[in-house]
Protein chains: 2
Amino acid sequence: MPVIEPYLPVNRLLLALPHKIRQRFITDCEAVDLAFAEILTEPGERIDHVYFPTESFIALTKPIDKRGNLEVGFIGDEGMLGISLLLGVSISPLQAVVLGEGPALRMDTNQFRRKLTDIPALQTVLQRYLYVITEQLAQTAVCCRFHVVDERLARWLLMTHDRAHSDTFHITHEFLASMLGVRRVGITKAASALQNRELICYSRGNIRILDRAGLEAAACECYASDHAIYTRTMEVKTDLRPMPLHQPPLLDQPIGNEQCDTAKRKKSEQFPDITAGSSPL
Amino acid sequence: MPVIEPYLPVNRLLLALPHKIRQRFITDCEAVDLAFAEILTEPGERIDHVYFPTESFIALTKPIDKRGNLEVGFIGDEGMLGISLLLGVSISPLQAVVLGEGPALRMDTNQFRRKLTDIPALQTVLQRYLYVITEQLAQTAVCCRFHVVDERLARWLLMTHDRAHSDTFHITHEFLASMLGVRRVGITKAASALQNRELICYSRGNIRILDRAGLEAAACECYASDHAIYTRTMEVKTDLRPMPLHQPPLLDQPIGNEQCDTAKRKKSEQFPDITAGSSPL
DNA sequence: CCAGTTATGTTCGCTACCGTCCAGACAGAT
DNA sequence: ATCTGTCTGGACGGTAGCGAACATAACTGG
């Protein structure tokens with residue numbers, strides 16, 4: 001029984017904008033449909049558009065010496081792709097690949113930079129979002145070092161569930177393996193374990209979340225950490241009118257591609273689903 | 001024969017400032033001496049001061065469920081501690097612990113925020129620096145996942161060498177183990193291997209770099225990546241007069257502590273020592 | 001110079017994951 | 001109905017790192 005929450009298909013970062021400005025911003029965006037496995041940015045290449053997923057979601061991955069990739073970040077309707085423009089750098093640091101097909105809003109880089117200048121509240125919310133991203137990167141490093149595949153897989157499934165707006169989604173073991181930086185067999189084994197515990201069921205790439213609370217218990221504490229940091233940082237109700245600062249000249253010289261705790265939470269209500277429309281920033 | 005480069009003991013980020021402004025900035029700082037193993041910030045706590053190391057250097061670490069720490073970032077005279085203030089967040093995301101004792105410049109948080117508003121060039125250079133940090137976090141995640149202790153140790157020694165302004169420094173195996181997130185035994189083994197190859201020599205915490213080029217060959221490509229990203233991002237000669245933007249309200253509510261390829265480079269001259277005074281931003 | 005502390009070296013069995021290969025199972029196309 | 005490609009499951013030996021314990025060695029302060 002898939003329980004699909006009623007929600008507004010809008011990016012939640014944009015909910016921080018005053019209503020009229022938000023409407024204007026959205027109409028200035030182009031509505032696009034992202035296709036599964038589509039690559040939106042490559043590391044070292046120029047960013048042409050920023051993306052605000054609404055029902056789609058995106059993985060940020062870092063390629064590594066022929067041994068495959070490692071996912072280091074998730075972007076769903078709680079985030080955006082292209083945040084480095086906030087720092088005046090229009091070169092993508094990472095690869096961005098579409099994990100969940102669906103609609104997104106996108107905007108031309110130059111227009112986005114003008115919006116940043118014009119809309120203080122946008123800048124504020126994106127600065128906080130960037131802070132969250134850096135926290136998540138550090139969390140990912142720790143997770144990769146200390147946690148076993150089973151826990152990491154559970155975390156991954158939860159993060160996907162949060163952004164998929166559905167209890168089912170399509171991801172093969174092979175794909176999962178490249179996200180987590182392990183062998184496909186490792187995923188098969190870990191996924192079997194989760195299936196035996198009746199937390200998920202899957203077949204030929206179709207995954208269904210059966211027991212979300214159980215999955216949260218099976219995941220490492222990194223999931224809870226990420227969640228806590230997001231809500232703590234983004235949901236602070238402060239006035240979004242800032243003091244004047246400056247915007248730097250854009251750094252956009254394309255470069256080569258050569259670049260290379262929480263105590264275990266007891267109950268799921270400690271982690272309100274960030275996909276629920278319940279918590280506007 | 002330790003070769004100590006002649007250099008100006010000033011933080012290199014500040015070299016991006018026009019001379020007079022830089023002098024004023026430095027006189028507005030407090031000169032402090034950092035002691036080994038001193039903890040400057042704890043995750044989740046308020047940032048009181050920002051630090052610009054000149055001859056000291058600092059590790060950014062993330063504590064993890066009782067299994068110890070993991071270092072996710074280095075701060076020497078090429079960087080600063082407290083960069084999250086640039087995003088309007090005065091809560092430290094990470095723990096900062098002094099690795100190399102020595103002098104640093106520090107400034108009160110509020111004064112620093114005023115400086116950010118007043119000095120466009122400062123904001124610009126720090127935005128780029130933050131971009132570099134995020135890249136390094138992603139690199140660290142990948143490194144932790146894919147590379148063996150020997151390579152990671154070599155990388156760590158190189159990064160320390162870059163910031164220590166000396167061929168010798170003091171770090172015990174125990175301490176190193178907590179930085180790399182491995183057992184002390186693992187460090188002992190890896191360090192013995194490096195010593196047998198006559199790349200380093202050490203005794204009771206005193207480490208001396210004997211063969212820097214050899215160490216670079218022994219390290220994973222992450223070292224080269226980090227280096228390349230730093231120089232690419234920071235050394236672009238652009239005009240540092242920006243367009244007007246805004247500064248957000250400060251987010252400073254303290255929170256609990258519960259939070260939890262480059263082709264292998266052939267020659268060392270591809271990696272000019274970033275500690276050399278040679279490359280002002 | 002002895003005793004206590006700190007730093008390093010070594011060993012044991014154990015586990016998670018590796019690289020590789022093969023086998024079955026299912027879905028859609030011909 | 002067979003074929004073909006995709007997806008999943010299982011098995012092989014090999015290795016890096018774990019946890020725990022113990023053994024030196026060097027420095028430190030009486």
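This is a short chat about a predicted model with protein chains A and B and DNA strands C and D.

Reader: What should I know about the model and its numbering before I start?
Author: The model is predicted: local features need pLDDT of at least 70, side-chain atom pairs count only at pLDDT 80 or more, and totals for chains, interfaces and linings use all residues. Residues are numbered from 1 along each chain as its sequence is written, and chains are lettered from A and ligands numbered from 1 in the order in which they are written.

Reader: OK, DNA. How many residues surround strand C, and which are closest?
Author: Strand C has 18 residues around it, and the closest are A:V148, A:V182, A:R183, B:T172 and B:H173. A residue is near a strand if its C-beta atom, placed from the backbone, lies within 6 Å of it.

Reader: Which elements give two or more residues there?
Author: They are α6 (184–196) of chain A, plus α5 (173–180) and α6 (184–196) of chain B. The most come from α6(B), which gives four residues. Helices (H or I, at least four residues) and strands (E, at least two) are DSSP runs, numbered from the N terminus.

Reader: And strand D, which residues come nearest?
Author: A:T172, A:H173, B:V148, B:V182 and B:R183, out of 19 residues around DNA strand D. Two or more residues each come from α5 (173–180) and α6 of chain A and from α6 of chain B. The largest share is that of α6(A), with five residues.

Reader: What is the split by class for each surface?
Author: Near DNA strand C there are seven nonpolar, six polar and five charged residues. Near DNA strand D there are seven nonpolar, six polar and six charged. Ala, Val, Leu, Ile, Met, Phe, Trp, Tyr, Cys and Pro count as nonpolar, Asp, Glu, Lys and Arg as charged, and the others, Gly among them, as polar.

Reader: Switching to sheets. What is the strand order of the open one in chain B?
Author: The order is β8-β10-β9, three strands with antiparallel pairing. Its edge strands, each pairing on one side only, are β8 (168–170) and β9 (200–203). Two strands pair if DSSP finds at least two bridges between them.

Reader: How many bridges join β8(B) and β10?
Author: Three bridges, in the antiparallel sense, with β10 covering residues 206–209 of chain B. B:H170 has B:N206 in β10(B) as its bridge partner.

Reader: Where is A:H165, and what is its phi?
Author: A:H165 sits in the loop between α4 (149–164) and β8 (168–170) of chain A. Its phi is near 55°, a positive value in a residue other than glycine. Most residues other than glycine have a negative phi.

Reader: Is A:H165 buried or exposed?
Author: A:H165 is buried, because 21 other C-beta atoms lie within 10 Å. The cut-offs are 20 or more other C-beta atoms within 10 Å for buried, 12 or fewer for exposed, and partly exposed in between, with C-beta atoms placed from the backbone.

Reader: What about B:A37, buried or exposed?
Author: B:A37 counts as exposed, because it has 10 C-beta neighbours inside 10 Å. The residue is in the loop between β1 (30–34) and β2 (39–41) of chain B, and its phi is near 70°.

Reader: Last one. Where is A:M234?
Author: A:M234 lies in α8 (residues 222–234) of chain A. A:M234 and A:E78 are 156 residues apart in sequence and 9.8 Å apart in space, C-alpha to C-alpha.
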